[in-house]
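Grab a pencil and open your viewer. Here is a short set of exercises, each with a solution worked through in steps.

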Amino acid sequence: HWNDPALLALQFHVVAASIPEQRISLVVRGDVSGTTQVFKSALARFAGRASPQPDPGSAWPGVSKSQVQRQVGNVGVGLGVGMTDWSIGYCDMATAAALGLRVTDFVQETGFVLTPTTASVEHATYEKGVALEE
């Protein structure tokens, strides 16, 4: 849920009472996707775990199938996020910008807030050893 205490702890500028009890809807790529593999690898590395093996149809840990909306392509994910209340997803930054989607900042273990730009994402993934291109 969007008002989960662990999530709210990361949102230091948000007043907890302003976030309703809403289930998070996850929008993901349902096709074979380098975007998905890079995203999952980056999440694993940022959390200090080994990279997962590519599997576009795999389950997302801790997420029930009823909470996952599978789309085709970055545009499909972006449109799914844009049309689904209380959703979150991932796509390339160009697609997010073209669709007018809001993107989130990342808070590092040190408390440093990283705002996604092409340069900042490339730098952060390079530091963690995540290959953006193969």
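The exercises below go from the overall layout down to single residues, and the model they use is a predicted one.

**Exercise 1. The overall layout**

Work out how many helices and strands the protein has, and in what pattern they follow each other along the sequence.

*Solution.*
- Start with the count: the protein has five helices and five strands.
- Next, walk along the sequence, and you get α-β-α-β-α-β-α-β-β-α.
- For a feel of the burial, 25% of the 134 residues are buried.
- Then take the contacts between residues at least 6 apart in sequence: 50% of them join residues at least 24 apart.
- Finish with the surface: about 8,900 Å² is exposed, and carbon and sulfur atoms supply 59% of that.

**Exercise 2. Building the sheet**

Find the order of the strands in the three-stranded open sheet, and say which strands stand at its edges and why one side of each has no neighbour.

*Solution.*
- The order reads β2-β1-β3, with parallel pairing.
- β2 (68–71) and β3 (87–89) are the edge strands; each has a single partner strand, so one side of each lacks a neighbour in the sheet.
- Ignoring direction, neighbouring strands here are turned by 25 degrees against each other on average.
- Now check the pairings one by one. β1 and β2 pair over four bridges, while strand β1 (residues 25–29) pairs with β3 over three bridges.
- As a reminder of what holds such strands together, strands of a sheet pair through backbone hydrogen bonds, either parallel or antiparallel.

**Exercise 3. Inside strand β1**

Is β1 largely enclosed or left open by the rest of the structure? Then place S25 and L26 against their partners across the sheet.

*Solution.*
- Four of the five residues of β1 are buried, so β1 is largely enclosed by the rest of the structure.
- Take S25: its bridge partner in β3 is S87.
- Move on to L26, which stands opposite I88 in β3 and opposite V68 in β2.
- A helix also belongs in this picture: α3 lies across β1, β2 and β3, and runs at about 170 degrees to β1.
- One last link to L26 comes from K65, which sits in the loop between α2 (34–46) and β2. The two residues are 39 apart along the chain, and their C-alpha atoms are separated by 9.5 Å.
- K65 itself counts as exposed because its relative accessible area is 76%, and the cut-off for exposed is over 50%.

**Exercise 4. The salt bridge**

Find which residue forms a salt bridge with D31, and decide whether that partner is buried or exposed.

*Solution.*
- The count of salt bridges comes to one.
- The partner of D31 is R29, with the closest N and O atoms 2.8 Å apart.
- R29 has 9% relative accessibility, so it counts as buried; the cut-off is under 20%.

**Exercise 5. A nonpolar patch**

Which residues make up the nonpolar patch on the surface, and which helix gives the most to it?

*Solution.*
- The members are V75, L79, M83 and L99, and together they have about 380 Å² of accessible area.
- Helix α3 (residues 73–83) gives the most, with three residues.
- Take M83 as a test case: it lies in helix α3, and its relative accessible area of 69% makes it exposed.

**Exercise 6. Two loop residues**

Look at W86 and V103: where does each one lie, and how much of each is accessible?

*Solution.*
- W86 sits in the loop between α3 and β3.
- With a relative accessible area of 37%, W86 is partly exposed.
- Now check its backbone: the phi of W86 is near 60 degrees, a positive value in a residue other than glycine. For context, most residues other than glycine have a negative phi.
- V103 lies in the loop between α4 (93–99) and β4 (106–107).
- At 52% relative accessibility, V103 counts as exposed, given a cut-off of over 50%.
- Leaving out residues up to four places away in sequence, V103 touches A96 and P116.
- To close, compare V103 with T115: they are twelve residues apart along the chain, with C-alpha atoms separated by 8.6 Å.

Definitions and conventions: Residues numbered from 1 in each chain as written. Predicted model: local features only at pLDDT ≥ 70, side-chain atom pairs only at ≥ 80, totals over all residues. Heavy atoms only, no water. Patch = residues over 30% accessible without salt bridge, like charges linked within 9 Å, V, L, I, M, F, W, Y side chains within 5 Å. Areas by Shrake-Rupley, 256 points an atom, 1.4 Å probe, with all protein chains shown as cover. Salt bridge = Lys/Arg side-chain N within 4 Å of Asp/Glu carboxyl O. Buried < 20%, exposed > 50% of the residue type's maximum accessible area, 1.4 Å probe, protein only. Pairing = 2+ DSSP bridges. Axes fitted to C-alpha atoms, helices over the stretch in contact; angles between N-to-C directions. Contact = heavy atoms within 4.5 Å.
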